[in-house]
Amino acid sequence: MSSRLFVAVVLLCLSIAPPAHADALNDYLRLIASYPTSSAEAARGLAALPRTEITQAITACLTGTASHNAQSEGRRVILITFQCSPRTLMGAAIVHADAAIRLLPTDRELAEFHVQAGRRVLSILLGKRDLRNNGAVHLPALDEIGVPLGVTGLTGEEARFVPRWYALTIRGLLAYYGFQGVRSLLDEAFTAYPDAPELFVINGLFLELPLLRSFPNIRAGADRLESPTGSNVSERARRQLETAAAEYRRALTASPGHVEAKLRVAWIHHLLDDGRSWNEATAIANSAPDDSDRYLALLIRGGIAERHRTSADAIASYGDAHRLGPRFQTGCVGLSEALKADGQISRARQVATECLSLDTSDEDDPDPWWSFRAGLLDAPTTEWLKKVAWP
Amino acid sequence: MMRRACIAALVIASQATHAAAQQPRFRSETAVVELDVSVMRGRVPVAGLTAADFELTDNGRRQTLISAVVNPQPIRVTLVLDVSSSVSGSRLENLVRAGRAVVDQMRPGETASLITFSHRARLRVPFGASIDEFRRALTNLTADGSTALRDAADLALSTESEQRTGSLILLFSDGLDTMSWLTEQQVIESARRSSSVIHAVRAGGDPILDKLSAVTSGRTWSIGSDRELTETFTRILDEMRARYVLTYSPREPPERGWHELKVSVKNVRADVTARPGYAVR
């Protein structure tokens with residue numbers, strides 16, 4: 001692009017925000033800034049803002065002041081310092097996603113608006129970031145001038161922000177939109193990030209979750225599945241599970257330490273009665289840095305032990321899960337059942353009574369099995385995104 | 001002394017007879033099995049039956065009944081209610097009303113407890129709580145979350161005490177299980193070994209409800225409208241109170257393993273619902 005044309009393009013985007021837009025921007029930025037301390041309130045506040053205000057605020061994010069004296073690679077460029085920093089845009093994308101997910105049960109149309117708003121701030125983010133100029137920008141937002149999404153100036157860990165945002169948002173939308181409804185979002189993300197491990201995991205979930213929904217009893221073994229008409233669907237289900245596992249392995253190729261991908265491979269091997277699952281689950285239980293992941297690995301180990309090993313192994317695995325997550329019901333239920341199967345009826349009854357009276361006061365720390373089973377939002381990714389946006 | 005044992009956990013009792021020191025000692029074993037059954041003609045329990053009116057086979061062998069009486073034990077009712085998000089609104093209101101009807105109709109000596117479940121199962125009211133506490137717990141119910149029906153049913157079965165008749169689990173659900181860890185086979189096995197009778201009330205709901213009620217000699221009640229809940233719950237109570245307890249002493253010492261039971265009534269047109277069998281450990 002010649003410098004003359006470049007200057008002309010930049011000037012097209014230069015504008016001064018009128019006073020109303022400034023108010024809208026201030027409200028918007030205040031909500032974004034408050035998210036780390038009170039996320040529910042901030043997300044609800046954003047959801048309650050009029051759409052015109054949000055649109056004005058995002059447009060105002062594009063405006064800024066120009067400096068005409070900069071040089072870059074021998075060319076004269078105009079540097080524009082935008083009103084919204086890259087981290088603000090990252091934060092905004094997160095809050096829009098959160099608002100969308102909260103709105104889904106009651107107002108799908110407004111939820112979609114917030115998903116689109118999140119995508120828009122990300123496109124601004126991708127278009128404007130240039131580390132060579134210490135945070136100042138010499139390119140306008142690419143979507144404003146019709147350049148397709150996919151170019152990024154983010155580097156290092158930050159470069160994973162956008163695919164992880166997509167992964168988080170898709171998971172949140174899945175429960176309400178179903179798989180076809182969010183397929184286009186996943187395709188868009190894959191176009192820009194064809195090697196992102198979190199997107200391979202989502203691809204795997206698209207294959208695995210429909211089976212979990214169709215066959216809630218699938219943990220009894222993929223070989224025992226029946227359709228509502230009674231016909232055996234095991235072969236098809238097996239193939240679909242194996243294809244899902246292949247996606248999780250692609251995630252591991254891209255990111256060998258990806259714990260969720262490891263867990264889901266071990267879980268699928270458990271469903272398929274694959275002999276590798278015991279060692280896989282044991283390895284995760286011994287090495288996962290996060291207690292939630294260790295808990296899930298121990299549950300899977302307990303399930304494997306019920307079918308293929310001794311009742312002592314099952315009791316030990318579920319017992320470890322229950323000790324690790326004493327407030328979580330699933331480990332408790334597994335332990336009670338394993339004790340019952342071992343003939344320890346009184347102890348099983350005692351544990352079952354405990355399971356029904358667990359401390360439920362901390363609803364922000366739910367049983368990890370629930371999220372894993374539903375393929376829903378994963379807390380570590382949510383926390384990572386927040387740390388990047390609000391360091 | 002013969003030792004009575006509940007059908008679900010057969011215990012072989014032993015009786016030692018002592019004679020003079022120089023006489024050989026001998027031991028005889030007797031086993032007694034109690035089985036509670038429902039006898040209905042349409043919607044009405046059939047009253048006035050005696051042991052002579054029943055025919056019972058244990059693993060195909062005809063047994064002689066010692067007695068058949070309407071269950072003398074006060075019933076223990078565990079309400080296990082689905083409070084997932086699909087139950088919200090008028091369904092929840094009707095469910096609360098039905099729960100209150102159960103509590104209001106408790107007779108002297110009868111007790112009730114309340115377990116609710118969505119993705120999490122919770123004991124809201126233990127046995128022995130006051131009626132006011134029960135009513136308050138029902139009034140405070142909210143509906144939210146997914147459905148872990150199998151886990152909740154298993155926990156309810158596991159916390160029931162063994163070796164008693166008159167134990168009712170009244171289980172309501174309107175959805176498919178989306179969240180449980182336990183498999184269907186595990187829960188059905190728990191039900192088979194339990195002494196509780198499960199009456200399942202479904203509004204749609206998971207097919208496992210039918211299986212649980214069948215293996216425990218209960219029934220599945222399908223409702224077309226939420227307004228039917230109260231009447232359904234109270235009919236279940238009435239049917240439970242009208243069950244007969246059949247007692248027999250097996251002709252031969254019971255073998256370990258599964259015993260298939262078949263029960264019918266003679267000279268009376270009625271439907272008999274009984275457990276399909278019991279296990280001897």
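**Exercise 1.** Is D132(B) buried, partly exposed or exposed? Work that out, then look at its salt-bridge partner in this predicted model.

*Solution.*
- Start with the accessibility: D132(B) has a relative accessible area of 48%. Partly exposed covers the range between 20% and 50%, so D132(B) counts as partly exposed.
- Next, find the partner. R135(B) makes a salt bridge with D132(B), with 3.6 Å between the closest N and O atoms. The cut-off is 4 Å, so the pair qualifies as a salt bridge.
- Now place the pair. R135(B) and D132(B) both sit in helix α2 (residues 131-139) of chain B, and because they are three residues apart, about one helical turn separates them.
- Finally, check R135(B): at 27% relative accessible area, R135(B) is partly exposed too.

**Exercise 2.** Which residues form salt bridges with R91(B), and where in chain B do they sit?

*Solution.*
- Take D174(B): its salt bridge with R91(B) has its closest N and O atoms 2.8 Å apart. R91(B) belongs to helix α1 (residues 90-104), while D174(B) lies in the loop between β12 (167-173) and α4 (184-193), so this pair links distant parts of the chain, 83 residues apart.
- How covered is D174(B)? With a relative accessible area of 11%, D174(B) is buried.
- Now D226(B), which meets R91(B) in a salt bridge at 2.7 Å, N to O. D226(B) is in the loop between β14 (220-222) and α6 (229-241), 135 residues from R91(B).
- D226(B) has a relative accessible area of 13%, which means that D226(B) is buried as well.

**Exercise 3.** How do helices α10 and α12 of chain A pack, and which residues meet?

*Solution.*
- Get the geometry: the axes of α10 (residues 259-271) and α12 (residues 291-308) of chain A come within 10 Å and cross at roughly 10°.
- Classify the angle. Angles under 35 degrees count as roughly parallel, so α10(A) and α12(A) are roughly parallel to each other.
- Add the handedness: α10(A) passes α12(A) in a left-handed crossing.
- List the contacts. From α10(A) come V259(A), L263(A), A266(A), W267(A), H270(A) and L271(A), and they meet D293(A), L296(A), A297(A), I300(A), G303(A), I304(A) and R307(A) of α12(A).
- Sort them by class: the contact has nine nonpolar, two polar and two charged residues.

Terms used
Residues are numbered from 1 along each chain as its sequence is written. Chains are lettered from A and ligands numbered from 1 in the order in which they are written. This is a predicted model: local features need pLDDT of at least 70, side-chain atom pairs count only at pLDDT 80 or more; totals for chains, interfaces and linings use all residues. Side-chain values use heavy atoms; hydrogens and water are left out. A salt bridge is a side-chain nitrogen of Lys or Arg within 4 Å of a carboxyl oxygen of Asp or Glu. Helices (H or I, at least four residues) and strands (E, at least two) are DSSP runs, numbered from the N terminus. Buried means under 20% relative accessible area, exposed over 50%, partly exposed in between (1.4 Å probe, protein chains only). Axes are lines fitted to C-alpha atoms, for helices over the stretch in contact, and angles run from 0 to 180 degrees between N-to-C directions. Angles under 35 degrees count as roughly parallel, over 145 as roughly antiparallel, 65 to 115 as roughly perpendicular and the rest as oblique. A crossing is left-handed if the near helix is turned anticlockwise from the far one by less than a right angle, and right-handed if clockwise. Contact means heavy atoms within 4.5 Å. Ala, Val, Leu, Ile, Met, Phe, Trp, Tyr, Cys and Pro count as nonpolar, Asp, Glu, Lys and Arg as charged, and the others, Gly among them, as polar.
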